[in-house]
Every structure is written in structure tokens, then in C-alpha cells.
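The paragraphs that follow lead a new reader through this structure, moving from one residue outward to its surroundings. Please keep the sequence and the model at hand while reading.

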Amino acid sequence: MSFTGSLIRSIVAPLWAMKEGTPYLRHLQRLDGAKRRPLQVVQEDQWQKLQQLLSHAVSNTDFYENRFSQAGVIADIIKTWADIQQLPLLTKDDVRAYKEKMVARNIPKEQLVPKKTSGSTGVSVELFVDEESAQWKRAVTISYDRWSGWDIGERIGAIWGNPDCYQNWRSYLRNLLLIRHIPLDTLKMSPENMREYYTRLKRTPPSILFGHAHSLFLFAQFLEQNGLSGIHPKGIISTAMVLHTFERATIERVFGCKVTNRYGCEEVSLIACECKHGNLHLNCDTLLVEVLRDGKPVAPGEPGAIVVTDLTNYGMPMIRYKVGDVGVLSSKTDCPCGCTYPILESLEGRVADYVVTPDGSYISGISLTENFAMYLPGVKQMQIVQEAIDRLTFSIVKGESFSEQTVSDLHRLALERFGDRMTWQIEYVDSIQSESSGKYRFCISKLQNPFS
Ligand SMILES: [Zn+2]
């Protein structure tokens, strides 16, 4: 680590935390050994925390008191892991409708931190996280970020939407002395801005790169196509979106290091993180994660909706919250990294990204994207929108090698994937708009599916 990095880690960060009165560095120390505890011990710990949270939620919020009593559930009858199936699931619509009633009466308002999701699946969700929970989340995120080889104080090339480090002088100073992000705004990823960013990274090399999976990919592709080389961080953290295999390959080739894939959401923060052995471990430090189909736990290897209970947020309890993504649990029970936390075999993307075919099968957006990107090299960018059970729109940005052949390949692939009862139209566009968060969606379905 550089001298500045060590100085920040050992002196600036602890002093800053002392001044702020934040305990995240102490939490971080506790988390250091936690991931190596036997799984049974981890689960007992989660169970204790769940019991406390349930009793708190019923005693201190109108929402859970009513919701649980309507469902005939009293916290005392939750005695085994199987019993938690009786607890009603919490949807994004619930949070939108009952936000105020979900806030705990016994937590002072000034200790609540407002959060807002980007709303990339339609409408955004607003919620509160209490200050204590926010500090745990901060520590947990750092503990997993370290898996990429990074540590506190080291410079980060941050490819992200709406960077906040220039918003006011406080955030500017904080970034300069503590956070050390070199930002590239993903809403402004023009060739000029990417070239300028490249020059900046050459001048002040970051320890790691961090960003949206697709934005990291776009930047890597831009460097490769323009013969710009020499950016070699020791790690890369990809987050906030599904990381496709082809994207990972390009990113790792261009920057010459491994990508650490991280999965999370604004509501509960980090849900899973990939270790150096390529296993995506669930965050058992602060969450309880379930994978369900039609409301029942699925076996390893089967896709299911990801449902999360935040074990630290007492300000506005989030119990059995449907995040809106689909994942598959792995049957692997141990990992050479030493972390005992269960492993996700894959993330299948958002519930809303599943295409339903007229014959009733479900195809995840991620598998479609991989397929189409692999076999259609003339397509620079693409978005699939399902308008109806038998109607798709392909929006296409033409690449340099686009030809008549690309179009006939596209028709052949679409016929193979969706069958002859599906119809589609092709629209050629100059670019595909990112959403307001700076994220980009490959596949959008306007229909319901068994995970929704
Ligand atoms: Zn591992």
C-alpha cells in the first residue's frame, strides 16, 4: 500500500470516525473473523437476531402488528426455521403504501437515514435505515470490498451514476482525504469523457476499479478498441447489475486482473459478494436471505425469488422483503477461501427481466443477453422489450460489422429461443438510453411470471 493509503487507513480514517462518532471501524474488526465461524454458529446468531427483530417490529410498528395478526402469526410461535414461512412477504408496493407505519415508534426520527432506490424496475421505493444499521452496512461493505485486494485509504476508479463527491465542499473534502474516488459519471460516458478519464487514471493510478458491470464493460471495450492500454488495477469490483460472462471476459482481459462481482440493493445494501475462488457468498453478517418460488424455498440449483430480512434495521424493519431479483442457490457447502456463508450459484437478473414465451416457458434476461451478444457480433448494443405474450421489440445499435447476415442471424436466433408463435419487430436506434440511475437494461418484460 502507498504511504498516503497507509496514513489514511491508520490515522485519518480512525480520527474521522472519532469526529463523526461512527463505530463502523469497530464493527469492521468484529466482522474480520465472523465469516470463518462454523455455519451452525452463524445460523444460531442469525436466529437470535431474527427473534429480536420480530419482537421489536410487532411491539413498535403499526404495520407489523397488523400484518402479523391478520396473518394469524404471533412472534412467539416462530420456533423453527420452517416456521418463518408463516411470516407474510413484504413487497415494494407494501413499502410504498405503508412506509410511515413501518417506522418504529421507539427510534428517534433524527436517527433515521432516508434512502431511495433508483426505480429501475418502474417506480422507486423510499425507506429509512436507522443510523446504527447504516454503520453496520458501511462496515459490511468494506469487509467484502477487501476481497478485491483493496483496503481503506486506497484510491478507487469509480464508474458510477451521479457521483456525489463534487456536490458540496464537505463531500469534496471527504473524497479527497478519505474516500478517494476518481469518478466517471455513467450518465456521461461519451468517447471524449472516457478518453479524458483514461488519461486521469494513467496520471493517478487507482488501486481498484469499481462500478456498474455494464459501464465497466463499456469503458474496457472503449480502451481496447482505441488501443489505450496501461491501466492495471489490482482488483475490480463490479456491482449493481448482473455481470455477464462476456463482459467479465473483456474487463479482465483489458485490465489484467480478476473481477469481484458484488450483488446488493439500496434497501438492504450488500446481499452477496464473490470471493477470490469465484463463489458468490451470501451476506450472513447482517442479513437473512431466502430463495423462494411460489412462496416456498427452492432446492439448490433451482431459480427462485430472492427474499431478504435485514437483521440490523430497527428504524424501519424490512422482514422477508422481495428484492425483485431471481437467484439460484448452490449445493456447494464449503469454499477454500474459508468463508462458511452459503453460496449463490448464479444471479438470473431481475424478476421483471424474464421473458415469457407463448408456450409458457420462462427465459431469464441474462441468458438471452449472453446468447444474443455471443452470436450477433454486428450488434453494438441491444435491448429486448416484451410488449405482450407473443410480441417482442428488439432495439438495436448497429456495430461496424453489421450486415444483412446479422439480421438473418437475429431472426434465426429469435425463432430458436422464442418459438414460431412469438412475433418481433426490429428498431434501429443511435443509442439505448440508460435509466436515471445510470444503469442499462438489456431485457424488459411487461408481463407477470412465477417469481413476481
Ligand atoms: Zn469463498
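In this predicted model, a convenient place to begin is Ile 271, which, leaving aside its neighbours within four places in sequence, is in contact with Tyr 263, Gly 264, Cys 265, His 281, Leu 282, Asn 283, Leu 287, Val 289, Val 308 and Val 323. Ile 271 itself has its place in strand β8, and with a relative accessibility of 0% it counts as buried, because the limit for that word is under 20% relative accessible area. To give a sense of span, Gln 433 is 162 residues away from Ile 271 in sequence, and the two C-alpha atoms are 27 Å apart in space.

What surrounds Ile 271 can also be described as a nonpolar core, and the largest such core has 44 residues, with Val 95 and Ile 271 having the most contacts inside it. Helix α3, which covers residues 39–60, gives the largest share of this core, namely 5 residues. Apart from this core lies another one, of 31 residues, and among its members are Leu 28, Ile 152, Leu 270 and Cys 273.

From the strand that holds Ile 271 one can step out to the sheet as a whole. It is an open sheet of 12 strands with mixed pairing, and reading across it gives the order β4-β3-β5-β6-β7-β8-β9-β14-β13-β12-β10-β11. At its edges stand β4 (181–185) and β11 (296–297), and because each has a single partner strand, one side of each is left without a neighbour in the sheet. In a regular strand, the side chains alternate between the two faces of the sheet.

A helix also lies against part of this sheet: α10 lies across β5 (208–212), β6 (235–239), β7 (259–265) and β8 (269–274), and it runs at about 130° to β7.

Strand β14 deserves a closer look. Of its 8 residues, 6 are buried, so β14 is largely enclosed by the rest of the structure. Strand β13 (residues 321–329) pairs with strand β14 (residues 343–350) in the antiparallel sense, over 5 bridges. Along this pairing, Asp 325 stands opposite Arg 350 of β14, while Val 326 stands opposite Gly 349, again in β14. Strand β9 (residues 280–282) also pairs with β14 in the antiparallel sense, here over 2 bridges, and in that pairing Leu 280 has Leu 344 of β14 as its bridge partner.

Two loops that lead into the edge strands contain a residue with a backbone angle worth noting. Arg 180, in the loop between α7 (169–179) and β4, has a phi near 60°, a positive value in a residue other than glycine. Asp 294, found in the loop between β10 (287–293) and β11, likewise has a positive phi, of about 50°, although it is not a glycine. Are these two residues buried or exposed? Arg 180 counts as buried, at 12% relative accessibility, whereas Asp 294 is exposed, with a relative accessible area of 59%.

The aromatic side chains offer another way through the model. A pair of aromatic rings is described by the distance of the centres and the angle of the planes. The count comes to 11 aromatic pairs. One of them is formed by Phe 219 and Phe 255, a stacked pair with 6.2 Å from centre to centre and 25° between the planes. This pair links distant parts of the chain, since Phe 219 belongs to helix α9 (residues 213–225) and Phe 255 to helix α10 (residues 245–255), with their positions 36 residues apart in the numbering. Both partners are enclosed in the sense used above: Phe 219 is buried, with a relative accessible area of 0%, and Phe 255 is buried as well, with a value of 1%. Elsewhere, Phe 63, Tyr 64, Phe 68 and Tyr 98 form one aromatic cluster.

Finally, some rings have a charged group over them. The charged end of Arg 138 sits over the ring of Tyr 24, at 3.6 Å from its centre, and Lys 19 lies over the face of Trp 16, at 6.0 Å from the ring centre.

Definitions and conventions: Residues are numbered from 1 along each chain as its sequence is written. This is a predicted model: local features need pLDDT of at least 70, side-chain atom pairs count only at pLDDT 80 or more; totals for chains, interfaces and linings use all residues. Side-chain values use heavy atoms; hydrogens and water are left out. Rings of Phe, Tyr and Trp (its six-membered ring) pair if their centres lie within 6.5 Å; planes under 30 degrees apart count as stacked, over 60 as edge-to-face and the rest as tilted. Helices (H or I, at least four residues) and strands (E, at least two) are DSSP runs, numbered from the N terminus. Buried means under 20% relative accessible area, exposed over 50%, partly exposed in between (1.4 Å probe, protein chains only). A charge sits over a ring if NZ of Lys or CZ of Arg is within 6 Å of the ring centre and within 35 degrees of the ring normal. Two strands pair if DSSP finds at least two bridges between them. Contact means heavy atoms within 4.5 Å. Axes are lines fitted to C-alpha atoms, for helices over the stretch in contact, and angles run from 0 to 180 degrees between N-to-C directions. A nonpolar core is a set of buried Ala, Val, Leu, Ile, Met, Phe, Trp, Tyr and Cys residues joined through side-chain atoms within 4.5 Å.
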